[in-house]
Amino acid sequence: MSNTLAQQDCIVPLTATAALTQGQLVKITAGEVVVCTASDRPVGVLLDDVEAGATASIAVAGPVVYMEAHDNAIAIGDTVIPAAAGRVDGAATTAKVIGTALEASTAQGHLIKVAMHPQLP
């Protein structure tokens with residue numbers, strides 16, 4: 001982890017589950033990149049064509065920052081919401097969304113990368 005809590009460029013490398021085409025909106029499922037459907041909330045846009053199993057470059061839909069996890073139950077691709085003590089938790093809800101976890105939490109207090117895309121009122 002760098003000394004800064006924010007990533008200057010918002011390009012994130014993630015594994016593609018299938019062949020994907022440049023310009024597609026993508027989300028994260030089970031730690032891998034998949035194409036969005038009309039009802040999905042995208043985490044970003046695919047920057048290049050990529051084969052299944054290869055690393056995809058994703059321009060995320062917001063700044064990438066490190067946030068402190070409330071517990072170790074946050075998986076890559078989870079929606080994160082506010083939790084106690086200024087930390088974040090993973091949630092299946094869309095209420096109070098802060099962003100999408102780009103790293104898994106391994107313990108309470110662990111800093112994880114989150115692509116911020118707060119839900120607007």
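How much of the accessible surface of the protein belongs to carbon and sulfur atoms? The share is 55%, out of an accessible surface of about 6400 Å². The model on screen is predicted, and the tour below goes through it stop by stop.

**Whole chain**

Start with everything shown as a cartoon. The protein has eleven strands and zero helices, so the run of elements from the N terminus on reads β-β-β-β-β-β-β-β-β-β-β. Colour by burial next: 34% of the 121 residues count as buried. If contacts are drawn between residues at least 6 apart in sequence, 49% of them join residues at least 24 apart.

**The five-stranded sheet**

Select strands 2, 6, 5, 3 and 4. In that order they form an open sheet with antiparallel pairing. Its edges are strand 2 (11-15) and strand 4, each of which pairs on one side only. Turn the view to look across the sheet: on average, neighbouring strands are turned by 50° against each other, with direction ignored.

**Strands 3 and 4, and the loop between them**

Keep strand 3 (25-29) and strand 4 (32-35). Four bridges link strand 3 and strand 4 in the antiparallel sense. For one position across this pair, pick V26, which stands opposite V35 in strand 4.

Now move to A30, in the loop between strand 3 and strand 4. Most residues other than glycine have a negative phi. A30 departs from this, with a positive phi near 50°. Is A30 buried or exposed? Its relative accessible area is 77%, and A30 is exposed because that value is over 50%.

**A second positive phi, at A85**

Go to the loop between strand 8 (79-82) and strand 9 (88-91), where A85 is placed. A85 is not a glycine, yet its phi is positive, at about 60°. A85 counts as exposed, at 67% relative accessibility.

**R87, in the loop of A85**

Stay in the loop between strand 8 and strand 9 and select R87, which is also found there. Which side chain does R87 join through a polar contact of 2.8 Å? The partner is the side chain of E68. Show the surroundings of R87 as sticks, leaving aside its neighbours within four places in sequence. R87 is then in contact with E68, A69 and H70, with I81 and P82, and with Q108 and G109.

**G23**

Next, select G23, in the loop between strand 2 and strand 3. Leaving aside neighbours within four places in sequence, G23 is in contact with V45 and L46. Then draw a distance from the C-alpha atom of G23 to that of I58. These two atoms are separated by 9.6 Å, and the residues are 35 apart along the chain.

**The cysteines C10 and C36**

Finish with C10 and C36. A disulfide is a covalent bond between the sulfur atoms of two cysteines. How many disulfides does the structure hold? There are zero disulfides in the structure. C36 counts as buried because its relative accessibility, 15%, is under 20%. C10, at 22% relative accessibility, counts as partly exposed.

Definitions and conventions
Residues numbered from 1 in each chain as written. Predicted model: local features only at pLDDT ≥ 70, side-chain atom pairs only at ≥ 80, totals over all residues. Heavy atoms only, no water. Helix = DSSP H or I, 4+ residues; strand = E, 2+ residues; numbered from the N terminus. Buried < 20%, exposed > 50% of the residue type's maximum accessible area, 1.4 Å probe, protein only. Contact = heavy atoms within 4.5 Å. Areas by Shrake-Rupley, 256 points an atom, 1.4 Å probe, with all protein chains shown as cover. Pairing = 2+ DSSP bridges. Axes fitted to C-alpha atoms, helices over the stretch in contact; angles between N-to-C directions. Polar contact = N/O pair within 3.5 Å; in protein donor to acceptor, adjacent residues only side chain to side chain. Disulfide = S-S within 2.5 Å.
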